[in-house]
Each structure stands twice: as structure tokens, then as C-alpha cells.
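Hi everyone, thanks for coming. Please have the sequence and the structure open while I talk, and stop me whenever you like.

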Amino acid sequence: MTGGSEDPDRTVGRDLSMGDLLDGPAGGVDEEIRFYLERRAEELMEVEGLGREEALRRAVQLFGDVDRIRREARREAKMKSPQRWRTMMGGWVQDVRFAVRTAVRNPLLTGAVVLTLGLGIGASTTVFTVVDATLFRALPFRDAGRLVFLQGYAETPEGPRIRGASPAEIRDWEEMSRSFQDVAVSDGTVFNVSGEEGAQRILGEFVSTGYFELLGVSPVRGRTFRPEEDGAPESGPVVVIGEGLWERRWGRSEDVLGRTIEVNDRALTVVGIAPGDFPGMTLGSELWVPASMVYAMGNGDGPEDRGSRWIIPVARLAPGVGVEEAQADLQAVARRLAETYPETNTDRSVLVTPVRDAYLGSTGQLVWVLFGAVGLLLLLACANVANLLLFRASDRSSEVLMRVALGAGRGRILRQFLTEGVVFAVLGAGLGLVLAGTGVRAAVGLVPPGLLPPYAELALDGRVFGFAVLVTGMVGVLSALAPALTVSRVDVAQGLKAGASAVVGGGSHRIRSVLVAGEVALALMLLVGAVLMMRSFRAQLDVRPGFDADRILAFRLQVPETEYPGDELAPLVRRLEEELRALPGVESVAAGSGLPLRDRSYGWFVYMPERPDIERVRVYSHRVTPGYFSTLGIPVLRGRPVEPGDDAQANVAVASRSFVERFFPDRDPVGERVYLGGDDGMAFRIVGVVEDARYRDLTSDLAAGDDDPDLYFPFERVPQRSFDVAIRTRIDPGSLAGSVREAVARVTPSLAVYDLAPLSDELRQETSQGRFASVLLGAFSALALVLAAVGIYGVMASMVGGRSRELAIRMAMGADAGRVRGMVVGQGMLTAAAGLIAGVMGALALSRLLDSFLFGVRSTDPLTYAAVALGMLVVTVLAAWVPARRATRLEPVSVLRDE
Amino acid sequence: MSKGNFLSGTLDLLILRALDGCPLHGYAIGKWIRATSEGTLEVEEGALYPALHRLERKGLIDGSWGHTETNRRARFYEICAAGRAHLENETALWREYARGVAAVLSGEPGT
């Protein structure tokens, strides 16, 4: 197979690059001997007309025992110069120089290798920035690893549900357990800060006294809260503000300390300023008020109402206590509480969740999945590079033989090849870092807001760079290992007898087939994951949200009782609606306690006298103004919606479809009674049924009870001080933002409009995780497919090359071209088939990790697997087809003459 | 006296002789020896190299890297004063020795 097309007059030096066979340092014995052998071989070629390989072999033979001679000469030389370390260092420098020169001499191969590795390293580094930012970066709290949330947990007939906790419960948890150093509460809310500087919405928290201490925060000015300020209701009319707010609103003026400011229309004294890098448990707070003020200024039914659960406390684990221990401890406490307070605490427990896990939610798992996927891609890139290098290794057999003849040990040759691998990897890493830079910038745009917690900033920093270095080293070794091992196994004696290339080339074919099968398997696994993710995303997009989000502009308001007491709230809402309705471009306006996908409603319990078998049902209660359903495009299925005239005395309710399906499946619900809050609570009569609108997510099965059902009441009957306003527009909703703010200011100048955004944003946000995962996995798998195809092509091409003699004879004997092609393609498919089987099994094992992200498609979906496997097979056939065609076009005579 | 030692002594001498005219690199030295001895010295060609470095260590010759006429890097050896003296002594010794041996073998008294 060393084709006869080569120019026999070429010198050994040019042809074999023996000048590069540097074992020892330049200027050493090896270089001398090499020079001798080169010139001697050239002489033999000239004088005796020997071929290149033959001349070399003869030169080595005449030279004698190369290894011994070299050792002797070196020993003599060494007695002259005692600088051994230079020899050792020189060896490495030599290896690197040689590797670089080899790389430069094969620009095509080098380009392919560097591109492959660059893509692999770039992709994995990009994903690592996300991994690092979300999973490893320090949270903005002291010793955050020991911080946990204590989430109330309820066993309901529909399954377990996460709930808050009541103040009384939290006290019990803290007193009766032994696992916590400290427990604090915080309730995130939006405060309305007013005064001569203007009205402003500020995210903040009601917090208990120990909150700042528990999180390890010291104020930059003043102090935090004292125990007596968190005693009886309204005992602490004080406030701590964040440094950022201090700067923006008061220009860091020192005399803010001790001043009173208006928060939710209460005069609170500023007692301290929290450092700017402390975001509170909401991760965005700038204002803190003692929890004793919550009943006066915010929500909450009263500190002693055990069943009113709306707080999620944060706790610091005691030294040496793990999450599981704390969980078991609180479980026991919950059982005792259930015995003491059966009314409120039956089937209630507590879930201890590390703070980081709680902030990440399902994002953490998604990030791991993506990291795993990019790891598979990197592995595939390594396999592909190994493949390319193996292809070259068979080309380099004469060089390797020469080295072995010169006495280079197996380790020495291994080292040379590994160095080459690392040099390639470093070149690839250079490209990879450039790509990662672009990738991270792209990721910042691609990562949907809300997918990552706010402290997770994506940036290429030292840690990411360290990761890239680590990956580069690994990739270098991995991709060079197979070629190095194959080549170093060369048998010199046999090699000198037979044509050298046969030895190295033949052995590597099996390894290359295995590598290609592995590539096919990896690509198939990635493709299955990507296709599953895309189908799930598709299914999410196809979900009918139950409302029409197009051309709806939404905003939120909070109305303080001090400004609009009791019965002034409803008229205010009516005036606001009228003012907004009068704006040009506005079609209709309505208000509600929440809007689809922007919901902030609390769960309420309802009792149904007509269903005595059901004790009570938790529902999401929505308080809506007339025109709410038509404005949002929620279809009315039966009866009537909330109408004008449904005032503070109207005991009517509108049920959602799933509420009816679950509780009144076989009768007309219109006319049925429901009691809100208990059997002695407010009574309502159902007057209509509307389609299910998606308030909290797009994917939970409402009819099956995956989530609590929705129930609507007239806004004026059960008013709420913070509410959303929905404006259906005739024009682009975003363009109305300014005039909406002005209209609200005309009605009530002291109230700040917040969360002003088109409702379609929420819809997009809801599918953002699926979109993000689909795009990334799609890109990875497309890359994987290309790499695998290149791998198959390479192996089949070299197989055809290696068997050209056999194939040519077959053709000469009159074999049918179609059959020869079929044989080659069949060989390729056989290789791929092994990979396909392995890939399907791997995908079945791994795709379970995707389960929690999939909607509307199962992780074992047979159609997906079959389609992907079939697609891979088609790609295999195409990749094998090109070399197969070449096989049938061989000129028998020229091939046979070459041998 | 083993053949190796005998030969290595001979080789040293041949190298010094080769270098007597001008500096040469190893391959040229080898070629000169092969040509002038007409193949009668059947040794490993490679044996040249330990000998060259031994001579250099002894200070008889001096090696340095240079470029050939085709601009390839090679190590050139040059005979030093000590080397030339050594060559003269050894050559004289050899001549005498060879004459002695020849005389003994021919059975005639020396001239």
C-alpha cells in the first residue's frame, strides 16, 4: 500500500523527515547518528539503486547495534559535559518542537484535529461557566452551605404539596428540635416607599430579629433589629435599608440614619444600612422591616393562627448536623405537633432544603444534564481525533521504526505521541477559548431571565480557565493514547522484514472500528436527548394556555390602607379602569388578584355542602372585576362570568373547568354552593364555568389534580390591596407603557406602577427552559452527528485503501461493481450497527435523567429512538458510500503494479 | 588482546588520519575509511561514533556543529595539536610494528 506513485529519487531526508527523529537534544549523539544513517541510506539508494525503505533498513544493518553504539558514544560524550538536566529538558523541548513541526507539515489534518478539539473544548468550557456559576459559586451569605429552608409539607389526597409555615409552627420547630443553631423568618414583599423623593417600589422583606446575624451580615452604618422590636405586633416601627437604595435615593447622605421614611404609608425610622452585596433571602431585597410590623403593613392573619401558613423560614444547621439528621429531627417534631394540634397539623411535615437547592430548583439538574451532554460531545471529539491520528500513525510507521531502531524505548515513543496529542489539544484550546468567549456571550443572551439565580453571573474567569486547562490536558492524552499504544507496539524485527506500514496500519484498523462504533453510540445518545427535548418543547408550545396572551399589557399596583381605607379601594379600581379604557389603542381593561402566569394568589380552603364526602378543598381564589374573562380571552363555558353589578354583596363564584370536572363531574355546577374559609365562612353560589387558564405553569395536569383548581369571585366582594391590571390593546402593547403610567399617575400620583410588561413575556418565559435545553442539546447533537460521519468516512476510506489490492483483484476477476460497493458499505454499517446498539442502550439508561424536564413525551419514547437510529444508519450509509465508490473505480493494473 | 581492542586502536588511528587533511563529519570519515581500506576492515560502521567521542574526550580531536554544502546540520571534527602528535607517534609505531611483523613473516633479517 505504499503506493508506487512516489518519486523514487526523493531523498530519505525529505521523505522521512529523519531530521525530525530527535530523541536526544539537538547537537547530541543521536543527531549525529541520524545524519550518518540518512546520508548512508542516500548513498545506498544512489549506488545500489535501493528503494527508500530498503536503503534505510540496509543502512541500519551496516551501522550495527544502534542501541549499544549510541549508548557507548553517549557515555563518552557525557564524560565531557555533566549537564544531564539539560538533556532531560531538551527531550521535552524536542518533543514539543517535533510535534509542532509535524502539525505544520500536515495542515489539513492539523486543521481537522484543531477544529474538532476546539469545538469540543469551546462547548464544554461554555457549559462549565454555567455549571460554575450555578452550582459552585459562593452564595452571597456567610457559610451558606449550612443554610437551609424549612418548608411546610402537606400530604393531600392529590399528593404531597409544599406549603409555608405559620409563625406559631416555626416557634415550635425551633424550640422542639435540636438540629439548628438558629432559625429566622423572612417574608419577601414589595414595599411602597414614598415621601418627598417620590413613590418607589422596593423589593424587601419582613424579617425576625436574628435574621441578619444568622446570615452573617453586619450593617455598614447603624445597627440591625433589636429583640424588643420584633415582639408584640407593631412593636418595631424601624427599617434597615440596603446600600444600593441608600445611594440611589439619598445619595449616601449620612443623615438618613435616624430619619423617618414612609414605607407602605407607615413612618419607619432608619436604624441601619446593610452592605450592598447582601441581597437578602429574596436575592433582590433592599429594605428590611421587623416581622412584628407584618400584620399592620403586609399580609398575615395573626401570629397565633396556626393554620395560616405563609412563611418559609431559613435556618442554620448546628455544627456537625447534616440535612438528613435535621430532616429526621423535624419529622419527629411534626408528629408530636400533629398529636397536640390535630386540627391544623394532621398530615403536616417539614422539608429541610439546602438554600442552594431551593434557589436552583430544577435548573440545577438541567445544568448537570447539559454538562453531561457536553462531556459526551467532548468524548466524541477525542474519539474522532484519535481516529485521525491513527490514520496518520499508519503513515508514520517508517519514522517509528527508525526511532525504535535508534533504541527509543516504548515509553519514549509513547511520550512523543502524547506530547503531540497535548500540542494539538493546546492549539484546540486556543480556538476553544475564543469560541467559549463567543459562546458565553451568546449564552448570556440565550439563558432566559429567571433560569439562573441572580447571583449566578456568567463570566470567563480564572476558574473557567483552570477548567479549560484541565480539559485540554485530558483531551490531549485521551486522543493520543490509542495511536500511541498502537504504534509503540511495533515489532522492529518484523517491521524491518515486512514493509513497515503494514505492521502499524493493520493493527490500527480494529481500534479505529471500535472508536467509530463509540462515536456512533455517543452521537446517538446526544441525538436522542436532543430530539426528546425538542419534542417536549414542541408539546409545551402546543399547550393551549386557556387565555389569549397577545396584545395584553399588564402591571401591578399595591394600594396602602392609609391612603385608600376600606371602601375606597373598589372605587379607585373602577376609576383606574375607566381612565385606562379611555386611552387610544386600548380595547378593554380589567383587574384581578392575579393574572395567568403572573399569579400570586394564596390558596384558600372551600367547603362544599353538596359534597359532604369531601372535607375541604384547597383552591386558588381569584378576585376579578367585570370584563376580566373577555379581556383575557378566557372562554365562558356555562352560565355567566363576573358582571357589572357583582358588588360587595354579590355572593357569586365562577368555577374553572377542572374544578367542575373534579367535584361535579355528573351534574350542572351552576347553582351549587361553596363556602370560603370554613362551613361558617362566606357562602357563594356558582353562576358560571370558564375554561381552565394556566396561572402557575403550562404543564401540570389540572383535571387530574396535579395542581389545585381555580375559583373566581367578584373583586369587590373580596377585595385585595395588591392586584394586577390587564389591558387588551389594539396596537403593540409595549408601546402603551408610557401612557399607562401617566394614566395611573392622573388617578393616583402616589402609587407606583410595577411589573409593567406584556403578558406574552410570561408565556415565553414559561417555555424558556425547554427552549434553552433544546437549542443547546440540538447544537451539541448536530456537531456530534457531523463528527461521527467524518469518523465513519475516515475508517471506511482507509479500509478501502488498505484492501485496494484485494478489491482490485475482485474487480479484475469481473466482480460486480455493485457487490463490491455493497461489501464496503455493509462493512461500514456493521461497524455502525454495533455503535447503534450500544447507543440505544446508553440512551435508555441516561434519558431517565431527562424525565423531570420532559412534557408530552416519555424518555423511552420508541418513535424517537427508532427515528434517531434510522437517521444515524442513513448517515452511516452516506459516509461509507464515497469510499465504496472509490473502491469500484480502482484501476486493477496500477494497483497491482504498485504492490 | 581481543579483536575489539585491536580494532578500536586501529580505528582511532584511521580517524585521526582521515582528519589530518581537513575537518570532516562522521559520515565523511566513515566513507573515507571504507574507501581507503577497500572494505578490508569489516567492522560495524557505527563503531565510529563511540571512537569519535572518546578521541574528543581525550582532547585529540575537537568537534563542533556546522553545516554541510547542502546546508544540513552535521558535527564536524578537527584534529588538535595533541591529536596530530598522537597520530605521528602511533603512525611511526605502526610502521615499525608492521615492518617487524612483515620481516618475521618473510623470514628475512631487517634492513
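I'll go through the contact between two chains, then a few strands, and then some salt bridges. One thing to keep in mind is that this is a predicted model.

Let's begin where chain B and chain A meet. The contact draws on 26 residues from chain A and 23 residues from chain B. How big is it? In general, an interface's size is often given as the accessible area lost when the parts come together. Here chain B and chain A bury about 2,300 Å² between them, and 53% of that lies on carbon and sulfur atoms.

What about charges? The interface of these two chains holds 5 salt bridges. You can look for one of them between the side chains of A:E38 and B:R72, at 2.9 Å from N to O. There are also 11 residue pairs in polar contact across the interface, counting pairs where both are at pLDDT 80 or more. On the chain B side, the elements giving two or more residues are helix 2 (26-37), helix 3 (48-57) and strand 3 (73-79). Helix 3 of chain B gives the most, with 7 residues. Sorted by kind, the chain B side has 10 charged residues, 8 nonpolar and 5 polar.

While we're in chain B, please find its sheet. This is an open sheet of 3 strands in the order 1-3-2, with antiparallel pairing. Strand 1 (24-25) and strand 2 (61-67) of chain B each have a single partner strand, so they stand at the edges with one side lacking a neighbour in the sheet. Strand 1 is joined to strand 3 of chain B by 2 bridges, and B:H25 has B:F76 as its bridge partner in strand 3.

Now over to chain A, and strand 7, residues 238-242. How many of its residues are buried? The count is 5 of 5. In a regular strand, side chains alternate between the two faces of the sheet. In strand 7 of chain A, one side carries A:V238, A:V240 and A:G242, the other carries A:V239 and A:I241, and all are buried. Strand 7 runs parallel to strand 9 (residues 266-274) of chain A, with 5 bridges joining them. With strand 10 (residues 287-290) of chain A, strand 7 runs antiparallel and shares 2 bridges. Follow A:V240 and you'll see both pairings: A:G272 stands opposite in strand 9, and A:W288 is the bridge partner in strand 10.

Last topic: salt bridges over the whole structure, where a search finds 52 over all chains. Let me show you two that sit within chain A. A:R57 and A:E53 meet at 3.8 Å, N to O. These two are 4 residues apart in helix 3 (residues 52-63) of chain A, so about one helical turn separates them. A:R57 counts as buried because its relative accessibility is 16%, and the cut-off for buried is under 20%.

The other pair is A:D548 and A:R728, at 3.4 Å, N to O. This pair links distant parts of the chain, 180 residues apart: A:D548 is in the loop between helix 19 (500-542) and strand 13 (552-558), and A:R728 is in strand 22 (residues 722-729). Is A:R728 buried or exposed? At 5% relative accessibility, A:R728 counts as buried, whereas A:D548, at 33%, is partly exposed.

Finally, look for a network of salt bridges that links A:D30, A:D67, A:R70, A:R71 and A:R74. Thanks for listening!

Key
Residues are numbered from 1 along each chain as its sequence is written. Chains are lettered from A and ligands numbered from 1 in the order in which they are written. This is a predicted model: local features need pLDDT of at least 70, side-chain atom pairs count only at pLDDT 80 or more; totals for chains, interfaces and linings use all residues. Side-chain values use heavy atoms; hydrogens and water are left out. Contact means heavy atoms within 4.5 Å. Buried area is the accessible area (1.4 Å probe) that two parts lose on being put together, summed over both. A salt bridge is a side-chain nitrogen of Lys or Arg within 4 Å of a carboxyl oxygen of Asp or Glu. A polar contact is a pair of N or O atoms within 3.5 Å; within protein, one must be able to donate a hydrogen and the other to accept it, and residues adjacent in sequence count only if both atoms are side-chain atoms. Ala, Val, Leu, Ile, Met, Phe, Trp, Tyr, Cys and Pro count as nonpolar, Asp, Glu, Lys and Arg as charged, and the others, Gly among them, as polar. Buried means under 20% relative accessible area, exposed over 50%, partly exposed in between (1.4 Å probe, protein chains only). Two strands pair if DSSP finds at least two bridges between them.
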